[in-house]
Amino acid sequence: MASSGMIATVLKQRAGELNAQWLKDLSTSNAVSAQGRITPDELEQQSRQFLQLLSAAAQVRNPADLKSPEARPLREFLEGLSRSRAQQGFSSGETASFIFSFKRPLFDALRTESGKDAALLADEVWAATELLDTLGLHTVSTFQKAREELINRQQQEMLELSTPVVKLWDGILALPMIGTLDSARTQIVMESLLQKIVDTGSEIAIIDITGVPTVDTLVAQHLLKTVTALRLMGAECIISGIRPQIAQTIVHLGVDLQGVTTKANLADALALALKRSGYKITH
Amino acid sequence: MERIPVLRMGNFLLVTIQVDMHDQLALQLQDDLTNAIERNGAKGVLIDISALEMVDSFIGRMLSDISAMGRILDCATVLVGMQPAVAITLVELGLSLPGIATALNVERGMSLLRGKLSNLDDHDANER
């Protein structure tokens, strides 16, 4: 195909010129400019590498076919690029514009090269557009895949953190909570605790919030809901592990914890629970 | 029309809700129960809702009302065997049923009622 030949020639002969123009565009364009997330050196290195690989890939008969073995280095480079962009917190649009912004320097170069032949220029521009669009779309889809992987991993971590209900004694359950409480998590925690209460016939549950970094009104509300649900089922609830700062916050927020038994640490809570169940500790 | 039976057990009344409550049934139960308390001179009511899987705000309020009516008629009410899903629903509906005594199962509910009754007896004896 003659048309791809011209792109290849332009890429090869005017590489330096194209790169300079592209970098200039990149640094002025707001959407692509890194804003501190990526250094100019890195950007230059990426653009140079992209140009080299594109130039190599453009030598083949159909450069827009990314599945061909010749395009493999280019494809892998783009995948690596969008993966790193995803981790650096770029949006998919910003990532794609990195590729699409190359259109202008390339079209300019093609125009200079084709001289006055309008038909040839149109063909060349079409071929270049097709090529760059394919590359851009591939970048976006890889970017999305990387983002999905990130989300999946985070979900996995959340599940691993999810709170286990442990049996401390006959009729006494404990729920050590770790991490921030949000609605979804509280729901799961509440359900598993209530189910365990039914399964074991336990009368006392201790919720230990030592591992909860902050308590705001929402978290306090979630805790109160759990306590109320437990009471409705006929079980008692003790909240333990309240740190001094949290006690201060709760009072400052005006959260009413009256009617809820609270203890400073788990040991005190267990002692109280044992006492209420009628156990006596002897030396 | 179907009715929820109110059984007498000594000083206590036993109500087991085995079917899904609908509004008419709930009102009928309220009526039957208050009448039974009056007729038998019952001192305690035990309501077992372990088979109840769905509640709405009306049923929640009805439970709370029955307890309040019992209190006026000098009769302690204990609600036993609430399912986790029901408890969560009631809490989400904002019905925390304050003032209602609860227990995990019938056995514990019974001992709770007996405890309440003996407390009352002691109290009366002291007053005399």
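**Notebook: sheets, helices and the A–B contact**

I began with the first two strands of chain A, where β1(A) and strand β2 (residues 172-178) pair in the antiparallel sense over three bridges; strands here are DSSP E runs of at least two residues, helices are H or I runs of at least four, both numbered from the N terminus, and two strands count as paired if DSSP finds at least two bridges between them. This is a predicted model, in which local features need pLDDT of at least 70 and side-chain atom pairs count only at pLDDT 80 or more, while totals for chains, interfaces and linings use all residues. Residues are numbered from 1 along each chain as its sequence is written, and chains are lettered from A and ligands numbered from 1 in the order in which they are written.

**Sheet of chain A**

I noted that A:V166 has A:A174 of β2(A) as its bridge partner. I then traced the whole sheet, which is open, has five strands in the order β1-β2-β3-β4-β5 of chain A, and shows mixed pairing. Why is one side of β1 (166-169) and of β5 (261-262) of chain A left without a neighbour in the sheet? Both stand at the edges with a single partner strand each, so one side stays without a neighbour.

I looked next at the helices on this sheet, taking residues as in contact if their C-beta atoms, placed from the backbone, lie within 7 Å. Helix α11 (residues 266-276) of chain A lies across β1, β2, β3 and β4 (236-240) of chain A and runs at about 175° to β3(A); axes are lines fitted to C-alpha atoms, for helices over the stretch in contact, and angles run from 0 to 180 degrees between N-to-C directions.

**Helix pair in chain A**

I found that the axes of α2 (residues 15-28) and α6 (residues 103-114) of chain A come within 8 Å and cross at roughly 140°. The contact is made by A:L18, A:Q21, A:W22 and A:D25 of α2(A) with A:R104, A:P105, A:L106, A:D108 and A:A109 of α6(A).

I also checked A:R48, which lies in helix α3 (residues 40-57) of chain A. A:R48 is partly exposed because 15 other C-beta atoms lie within 10 Å, where 20 or more would make a residue buried and 12 or fewer exposed, with C-beta atoms placed from the backbone.

**Sheet of chain B**

I recorded a second open sheet of five strands, ordered β1-β2-β3-β4-β5 in chain B, with mixed pairing. Its edge strands are β1 (6-9) and β5 of chain B, each pairing on one side only. Strand β4 (residues 76-80) of chain B pairs with β5(B) in the parallel sense over three bridges, and B:L79 has B:T102 of β5(B) as its bridge partner. Helix α2 (residues 57-72) of chain B packs on the sheet, touching β3 (44-48) and β4 of chain B, and its direction makes about 155° with that of β4(B).

**Where the chains meet**

I counted 13 residues of chain B in contact with 15 residues of chain A. On the side of chain B that touches chain A, α3 (84-92) and β5 (101-103) of chain B each supply at least two residues, and α3(B) gives the most, with five.

**Core**

I closed with A:I206, which, leaving aside its neighbours within four places in sequence, is in contact with residues including A:I172, A:A174, A:I238 and A:L270.

Note on methods
Contact = placed C-beta atoms within 7 Å.
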